[in-house]
Structures are given as structure tokens and as C-alpha cells.
Amino acid sequence: MLLLSVACCCGLPLWWFQPISSQYPARASLPDQIDSMRLRQDERSQAAAEELKSRVRESNLLAEDTFAGIYTTSDGKRVTLFGSTGLRFSPESDAKAEIDRLAGEYGLKESVNVETGVRGRYARCAVGRADGDSVVVCASADHGSLTTGVFTRLSVDDSGRLLNDLRQRVVVPKS
């Protein structure tokens, strides 16, 4: 009986707290190249990234840091990545709220859950349009960050997987 009491008293709070402690605090850093994607450094792309960072800051007033960048591949695919770091108590609702926030801008259809494989991390994707092209917008949130990607010429499943891969390289726990 003592063992059961100790397990319930100590084990359950530790199990609940583990995702928070492994995901927060976090920092974000956009590398110049990720696999076949290169960060665009031209003046227009940098101005667009700064505008995205400003809009992320406006929608996440408690964010500790913001980031944004536009990546392209040699075959013309474009990935716009932006987000913020900071403590999040409800990542599932934060991912949905981010998709809802962007619904008007991208004319998003209904969003779907995307499996992340990480406890405490939630992702949603939706199909929409930007500059006349079809895009997939995905948002991924955990207890330490919110990362959003806008993908051209990819399916919803491929976009969700790519966002998961990108956020693992861009957002890392502070040590």
C-alpha cells in the first residue's frame, strides 16, 4: 500500500510535468541551410521575414523570442517558417488557435490533426491559398514553442512531417 501511495503521490505529478520540463525553456535558431532548403537572404525575403516576426509578436504578447525565415529548394518549393518561444500551458489549443488566426489570410479549409510522435506536442494542418497558389499551413505547439510553416507543392501529410522535422532543427531546449 505504501508503494502505491508513493507512486500516486510522486509518479503522477512527475509524469505530468515531464513534457513541460523537456520542452521549456527553448530557443530558436534558423540555419542557413536545412537539407536541400536554403534560407533566402535577399532584401525582399528578409523584409517579409521581419514582417512575419512582427505579426507573431503581436499575436503572442508573452513570447520570449520570435523567429521567421523563408526557405526555397532548387526545384522551386517554398517553405515559410515562423513562430515564437515561451511557456505554453495549452499547446493543443494554441496550435488550433494559430490555424484559426491564419484562416482568413490564407483562406484555410478545415484543419486536421497531425501526429507528432512527441508527448505534449500538437500539430494541425489546413489547405489554403497564397498568391494564387495552393498552400498547406501547419502549426505545431508544445510547452516551449509555437512553430508555423506555410508549404507550397506539398500534401498535408508531407507538410506535417516536414514541419515536425524543421521544428526539431530550429527549436531546441535551452541547456
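**Helix 3 and the pockets of a predicted model**

Q: How many residues does helix 3 have, and what distance does it reach from its first C-alpha to its last?
A: This model is predicted. Helix 3 covers residues 91-106, which makes 16 residues. At 1.5 Å a residue, the expected reach is 22 Å. The reach in the model is close to that, at 22 Å.

Q: Which residues of helix 3 are buried?
A: An α-helix has 3.6 residues a turn, so residues three or four places apart point the same way. Buried here means under 20% relative accessible area. The residues of helix 3 that meet this cut-off are P91, D94, A95, E98, I99, L102 and Y106.

Q: Which strands do the buried residues of helix 3 pack against?
A: Packing here rests on contact, with heavy atoms within 4.5 Å. The partners of these buried residues are strand 5 (78-85), strand 7 (122-130), strand 8 (133-141) and strand 9 (145-152).

Q: Which residue just after helix 3 takes a positive phi?
A: Helix 3 runs over residues 91-106. Just after it, a phi of about 55° is found at G107.

Q: How much space lies in the largest pocket, and which residues are closest to its centre?
A: The space in the largest pocket is about 550 Å³. Its lining has 21 residues. Closest to the centre are R78, T80, Y106, A130 and D131.

Q: Which element gives the largest share of the lining of the largest pocket?
A: Several elements give two or more residues to this lining, including strand 5, helix 3 and strand 7. The largest share is six residues, and it comes from helix 2.

Q: How many residues of the lining of the largest pocket are charged?
A: The lining divides into three kinds. Seven residues are nonpolar and four are polar. The charged residues number 10.

Q: What volume does the second largest pocket have, and which element gives the largest share of its lining?
A: The second largest pocket has a volume of about 160 Å³. Its lining has 13 residues, with L30, L39, A49, A68 and G69 nearest the centre. Helix 2 and strand 4 (65-72) each supply at least two of the lining residues. The largest share, five residues, comes from helix 2.

Q: What pattern does the protein follow along the sequence?
A: The secondary structure comes to four helices and 10 strands. Read along the sequence, they follow the pattern α-β-β-β-α-β-β-α-β-β-β-β-α-β.

Q: What percentage of the residues of the protein count as buried?
A: The protein has 175 residues. The cut-off for buried is under 20% relative accessible area. The share of residues that count as buried is 43%.

Note on methods
Residues numbered from 1 in each chain as written. Predicted model: local features only at pLDDT ≥ 70, side-chain atom pairs only at ≥ 80, totals over all residues. Heavy atoms only, no water. Expected span 1.5 Å × (residues − 1). Buried < 20%, exposed > 50% of the residue type's maximum accessible area, 1.4 Å probe, protein only. 1 Å grid on protein atoms, 1.4 Å probe; cavity = no way out; pocket = protein on both sides within 12 Å on 5 of 7 lines; lining within 4 Å. Points joined across faces, edges and corners; volume = space filled by probe spheres on them. Nonpolar A, V, L, I, M, F, W, Y, C, P; charged D, E, K, R; others polar.
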